[in-house]
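Work through the exercises below with the model open. Each task is followed by a solution in steps.

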Amino acid sequence: MTEPRARAARHKGQLNFEKELRGLLYAHGDDEDPLPETVRVLDEITTDFIIETCHAASRHATLNGRQKVKLEDFKFVVRKDDRLLGRMTELIGMEKELKEARKGFNTDEGKVGLERSGPKKRRRTNKAGEKEEDGEAGEDAEDGDDGMEDVMLGPLTSKAGR
């Protein structure tokens, strides 16, 4: 970017990407537990790059008369780095594809029951109006002899209010 900024005092000593950088270093052949100084330096470089890129994008938005930073501002900032611009474009395309795939996905499926929370309980009301819970929703209830009415808990009801 332009000239490096002095790191703000509040960010000194704070590692923002320690876990990710440790994994990245290990993936590229470093020790499983890299030196803390290496992680700290890479974290500072990464944080400074992100801060500088955001400042430059904000500056570009301001020069264009906008208060909000848009995606185009970031594209303008990285326009000279073909690899970075290509990766950014690729990720944006993937995000759009995922958004379209989610939109096309039938979300009504699975909303009928609450199978995720485990088996449903059956609430039974006796003739005196007392409520009891027993058994699972899938069990067949005995009719008549016990003097109880079966009521399903959840969106579906069965034999409610005879």
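**Exercise 1.** State which residue just after H2 takes a positive phi, and describe the span and burial of helix H2.

Solution. Just after H2, the residue with a positive phi is Gly 65, at about 80 degrees. Helices here are DSSP runs of H or I with at least four residues, numbered from the N terminus. H2 covers residues 36-63, which makes 28 residues. From first to last C-alpha, H2 reaches 40 Å, close to the 40 Å expected at 1.5 Å a residue; the expected span is 1.5 Å times one less than the number of residues. Buried residues of H2 (under 20% relative accessible area, 1.4 Å probe, protein chains only) include Val 39, Asp 43, Glu 52 and His 60. Their cover includes H1 and helix H3 (71-77).

The model is predicted: local features need pLDDT of at least 70, side-chain atom pairs count only at pLDDT 80 or more, and totals for chains, interfaces and linings use all residues. Residues are numbered from 1 along each chain as its sequence is written, and side-chain values use heavy atoms, leaving out hydrogens and water.

**Exercise 2.** Place Arg 22 and find which residues it touches, not counting those up to four places away in sequence.

Solution. Arg 22 lies in helix H1, residues 18-27. Its relative accessible area is 23%, so it is partly exposed (between 20% and 50%). Arg 22 touches Asp 33, Pro 34 and Val 39, with heavy atoms within 4.5 Å as the cut-off. Val 39 is also one of the buried residues of H2. Arg 22 and Leu 42 are 20 residues apart in sequence, with 9.8 Å between their C-alpha atoms.

Key: Helix = DSSP H or I, 4+ residues; strand = E, 2+ residues; numbered from the N terminus.
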